[in-house]
Amino acid sequence: MIAKISSGKSTAGLIRYLFDTKRAKDHVDPHLVGSWDGFAPDPGRAEDSDAVRKLLVADLDLHVKQAGRLGRAPEKHVWHCSVRAAESDRILTDEEWAGVARRVVHATGIAPEGDPDGCRWVAVRHAPNHIHIAATTVRADLRTARHWNDYLTADRELAAVEKEYGLHQVVRGDRTAAKRPTRAEQEKAKRGGHHLTPRDRLRTTARTAVAAATSTEEFLRLLEHTKGVLVDIKRFPSGDIRGYTLALEGDTNSRQEPIWYSGSKLAPDLSWPRISERLTTTAATTRPWQDAITAIEDIPRALAHDGAPAAQAHITALGETLDALPLLAPAPYRQELHRAAAAFERASRSRIQAENHHAARLRAAVKAMLRTPPPNSPDGTLLALLLETIVLATAAALRWHDLHHHDQQVTATRDALTHLHTAADQAATTPLATIKQAQPTGPAVRLRYEPVVRMVLPEHADTILNASDWGALATTLARAATNGLDPVETLRAAAQRPLNDARYPARLLAWRIQQTTHTAQTPRTMPPAPQPTPSLAPQPGGPRTRH
């Protein structure tokens, strides 16, 4: 069940709308299902409905008029709450809807049960799947009702109703979601031929800038150099920065002024204080791609064993990694990565406060990746391994959110996984083909290494040996043996890292072995020299590089 609450100035206007069947064609058989005392006049069941409607308005406004004579009536004295059931729910009876209405006005403080001075209210039903509760917020003792946080208290009560009535249980949030675009913003974007609203587009731009920046100064510089984005920096009298607002060129109000959005209006974690927290902790890295993979491989362990603030930090950094990926990926699957990042944006936050220093290694590695050419990996194995590793970390994040009953984050993570699976499959195509062309695997090679798989990975052996990419792993083990490595120890080393959530463990192990052997053969170098600030626009073609 979903509640929608608003306030107004005219009791008569609201009651007229609720019982109207001429202009509101979807209103069918409007009638009362409940009221403050059970005896309110019902215009829907009266011969002279207009006269009874006026009588009902007068009864509802009684205490408002009395308070008005004393100068104590609030200007917006009308409280309006619609409660809608899911399409899949059964049709509730009038008596059941009356019970829902009483519970809602009790929970919100409009008319607490047993309070003789509670506000006057009625519940109107003019459709099978929803009701409207109309109340006036002046109590019988002429005090104004205390109904702060009424949406949250109503939503909490409706969650209990869903369970007790056996109805569809709505996925509920924790007040950490980014603000949704208004209908006006959506319609304006459609008229302009845009799929996303300015709010959504600016949110994506700001999140990508956070993922790429190494300092708050660079964060603002990246935004200022992004085409089509206006930046207004807010300062204290001392000159210190206190915030920022963004606007899109051409997005103006009726006075032709830019429509500005503060960071906190784009998303809770894009406020200036939150960004400053995340950009104060840095860590040095000489091999950012390998360090990023290693840090992401550790996320499942951290989510299972570390405290909640540390776990939240890892999930936040994972979200930043997804924000940066489109800047690093080839064009064919860049769009899927954009979609994965957009979906995971909701999953990257919860009510748990992150201790960001726990994820400093991953955050620093991702920022360095944007400034450092990837190691020599012409067949795309490195990026394929990175994506497969991210898939495992995202699956672990799904379990963590589910364990903590973060319903909206669970849904968002599932959506992100769908897009990540598609991107990972696309990224695997070239490396698999390269292995097959370079060293075709015959039955003899596969038979030679089957005992190795069964010995090292007995719980995964059947899955690996029956997979279409088993030949790629067998070829990789054969190549390792040719290079003087023990296939058993090589496979055992690759299997020490997370594997349980892998959809295709054979190819994941092949990527790990290839990368491990390549890294072992590559001498350590001095840290790379500082590189130019990355652009937020993804480059066409292969992985992004800066020189």
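A nonpolar core is a set of buried Ala, Val, Leu, Ile, Met, Phe, Trp, Tyr and Cys residues joined through side-chain atoms within 4.5 Å. In this predicted model, the largest such core takes in 106 residues. Phe 219, Tyr 244, Leu 386, Leu 473, Leu 491 and Leu 509 are the ones that touch the most other members. Helix H16, which covers residues 381-403, chips in the largest share of this core, with 14 residues. There is also a second, separate core of 27 residues, and among its members are Cys 81, Ala 101, Leu 158 and Leu 167.

Phe 219 is worth a look on its own. Setting aside residues up to four places away in sequence, Phe 219 touches Ala 206, Ala 209, Val 210, Ala 213, Tyr 244, Trp 272, Ile 275 and Leu 279. One of these partners, Tyr 244, is also on the list of core residues that touch the most other members.

Now for the overall picture. The protein has 547 residues, and 51% of them are buried. Its secondary structure adds up to 22 helices and eight strands. Measuring along the principal axes, so to speak, the C-alpha trace spans about 95 × 60 × 45 Å. About 26,300 Å² of surface is exposed, with carbon and sulfur atoms supplying 52% of that area. Contacts also reach across the sequence: of those between residues at least 6 apart, 72% join residues at least 24 apart.

Next come the strands. Strands of a sheet pair through backbone hydrogen bonds, either parallel or antiparallel. Here, three strands make an open sheet in the order E6-E7-E8, and the pairing is antiparallel. Strands E6 (229-235) and E8 (261-262) sit at the edges with a single partner strand each, so one side of each has no neighbour in the sheet. Strand E7, residues 241-248, pairs with E8 over two bridges. In that pairing, Thr 245 has Ser 262 of E8 as its bridge partner.

Another antiparallel pair is made by E2 and strand E4 (residues 121-127), this time over four bridges. Within it, Ser 35 stands opposite Val 122 in E4. Strand E2 itself (residues 31-35) is mostly covered, with five of its five residues buried.

Among the helices, H13 (residues 308-328) lends itself to a quick check. With 1.5 Å a residue, its 21 residues should span 30 Å, and the end C-alpha atoms are indeed 30 Å apart, so the two values agree. Since 19 of those 21 residues are buried, H13 is largely enclosed by the rest of the structure.

Finally, two charged side chains can be set beside each other. Arg 278 belongs to helix H10 (residues 272-278). Buried means under 20% relative accessible area, so Arg 278, at 5%, counts as buried. A polar atom of its side chain lies 2.8 Å from the backbone oxygen of Asp 269. Apart from neighbours within four places in sequence, Arg 278 is in contact with Val 210, Asp 269, Thr 316, Glu 320, Asn 356 and Arg 363. Lys 65, by contrast, is found in helix H3 (residues 62-69) and is exposed, with a relative accessible area of 53%. From Lys 65 to Ala 395 is 330 residues in sequence and 59 Å in space, C-alpha to C-alpha.

Definitions and conventions:
Residues numbered from 1 in each chain as written. Predicted model: local features only at pLDDT ≥ 70, side-chain atom pairs only at ≥ 80, totals over all residues. Heavy atoms only, no water. Pairing = 2+ DSSP bridges. Buried < 20%, exposed > 50% of the residue type's maximum accessible area, 1.4 Å probe, protein only. Polar contact = N/O pair within 3.5 Å; in protein donor to acceptor, adjacent residues only side chain to side chain. Contact = heavy atoms within 4.5 Å. Expected span 1.5 Å × (residues − 1). Areas by Shrake-Rupley, 256 points an atom, 1.4 Å probe, with all protein chains shown as cover.
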